[in-house]
Amino acid sequence: MKIGIIVAMDKELSQLQSMFNSGEVMVQKCGIGKVNAALGAQSMINEFKPDVIISSGCAGGNGDEINVQDIVVGAETTYHDVYCGLAIDDKTIYGQVQGLPARYKADARLIEKAKALDTGGEFKIHFGLTVTGDWFVDTKEKMREIVGHFPDAKAVDMESCAIAQTCFKNNVPFISFRVVSDIPLRDTDASQYHHFWETIAERSFMTTRNFVESLLR
């Protein structure tokens with residue numbers, strides 16, 4: 001099995017590249033945002049031809065039960081900044097690109113594998129909706145706006161849904177693993193995010209490694 005892992009930033013790349021030295025696993029940085037994510041995913045599919053693609057990295061968390069360093073597995077993804085309007089099609093909903101799924105569901109077999117992971121009680125793994133958009137959420141007001149559209153969202157990032165859409169169009173199984181770096185509704189000026197990288201990021205991507213190893217067994 002060939003597994004592709006896509007991250008957005010050098011910080012995430014350095015964390016994950018150090019964990020894999022097998023030719024079966026490729027870790028690639030796409031850059032921040034939806035366009036970079038889609039281009040990176042398509043390039044990986046064309047050149048590496050993975051059997052599975054994983055979106056990994058960090059994300060803002062949402063919900064009373066979610067804490068920094070928890071993992072959100074995107075059982076489904078959508079866009080928080082896409083709206084196609086009602087002029088042509090009154091069935092397309094907020095977050096949906098017209099003619100494509102309203103939400104991209106993760107591969108069922110990959111979800112089952114993720115549910116079998118054991119974190120040793122250090123932090124929790126949550127399964128649910130990840131919403132994606134070209135906006136670094138650093139204010140409570142912006143997070144409230146997003147949650148107003150998607151009250152069931154557990155994580156917000158800038159890449160996962162674009163990678164999911166690319167995988168959907170190429171028929172490649174996909175799943176998103178995001179470490180919660182901050183909780184925007186409990187934060188001020190992204191201070192949790194900066195603290196995450198300064199103090200606790202080092203061990204935060206071990207769950208992604210354990211998941212990949214479970215696929216290769």
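Does K154 count as buried or exposed, and at what relative accessibility? In this predicted model, K154 comes out at 19% relative accessibility, and since the cut-off for buried is under 20%, K154 counts as buried. K154 is also one half of a salt bridge: its partner is E65, and the closest N and O atoms of the two sit 2.9 Å apart. The pair ties together distant parts of the chain, with K154 in strand β7 and E65 in the loop between β3 and β4 (71–79), 89 residues apart. E65, for its part, has 35% relative accessibility and therefore counts as partly exposed. So the bridge joins a buried lysine to a partly exposed glutamate.

That bridge is one of 13 salt bridges counted in the model. Two others stay within a single helix. In α3 (residues 108–115), E112 and K115 lie 3 residues apart, about one turn of the helix, and their side chains meet with an N to O distance of 3.9 Å. Helix α4 holds the other pair, E145 and K142, whose closest N and O atoms are 3.4 Å apart. Here too the spacing is 3 residues, so about one helical turn separates E145 from K142. This fits the general geometry: an α-helix has 3.6 residues a turn, so residues three or four places apart point the same way. The two partners in α4 differ in how much of them shows: E145 is partly exposed, with a relative accessible area of 43%, whereas K142 is buried at 12%. Elsewhere, E76, R103, K105 and D152 are joined into one network by salt bridges that share partners.

K142 leads on to the rest of helix α4. Spanning residues 140–149, α4 has four buried residues, namely K142, M143, I146 and V147. These cover an arc of only 130 degrees around the axis, which puts them on the same side of α4. The face turned away from that buried side carries E141 and G148, both exposed. What does the buried side of α4 pack against? Three strands are involved: β3 (52–61), β6 (125–132) and β7 (153–157). Strand β7 thus takes part in this packing and also holds K154 of the bridge to E65.

Helix α6 (residues 191–200) shows a comparable layout. Its buried residues are Y193, F196 and W197. Seen down the axis of α6, these fall within an arc of 85 degrees, so they line one face of the helix. The packing partners of this buried set are α1 (10–17), β3 and β8 (174–182). Strand β3 therefore appears in the packing of both helices, against the buried residues of α4 and against those of α6.

Turning to open space, the largest pocket has a volume of about 240 Å³. It is lined by 19 residues, and those closest to its centre are C58, F136, D157, M158 and Y193. Strands β3, β7 and β8 each supply at least two residues of this lining. By class, the lining has 12 nonpolar, 2 polar and 5 charged residues. Y193, one of the residues closest to the pocket centre, is also one of the buried residues of α6.

F136 deserves a closer look. This phenylalanine lies in the loop between β6 and α4, and at 37% relative accessibility F136 counts as partly exposed. Which residues does F136 touch, leaving aside its neighbours within four places in sequence? The contacts are M158, A190 and Y193. F136 and D157 are 21 residues apart in sequence, while their C-alpha atoms are 7.7 Å apart in space.

Closed-off space is also present, in the form of 3 cavities of 30 Å³ or more. The largest cavity contains about 40 Å³ of space. Its lining is made up of V137, D138, T139, K140, D182, P184, D187, T188, D189 and A190, which by class gives 3 nonpolar, 2 polar and 5 charged residues. A190 thus lines this cavity and also contacts F136. For the second largest cavity, the volume is likewise about 40 Å³. C84, G85, A87, I88, D89, T92 and Q98 line the second largest cavity, and by class that lining has 3 nonpolar, 3 polar and 1 charged residues.

Note on methods:
Residues numbered from 1 in each chain as written. Predicted model: local features only at pLDDT ≥ 70, side-chain atom pairs only at ≥ 80, totals over all residues. Heavy atoms only, no water. 1 Å grid on protein atoms, 1.4 Å probe; cavity = no way out; pocket = protein on both sides within 12 Å on 5 of 7 lines; lining within 4 Å. Points joined across faces, edges and corners; volume = space filled by probe spheres on them. Nonpolar A, V, L, I, M, F, W, Y, C, P; charged D, E, K, R; others polar. Buried < 20%, exposed > 50% of the residue type's maximum accessible area, 1.4 Å probe, protein only. Arc of directions from axis to C-beta. Contact = heavy atoms within 4.5 Å. Salt bridge = Lys/Arg side-chain N within 4 Å of Asp/Glu carboxyl O.
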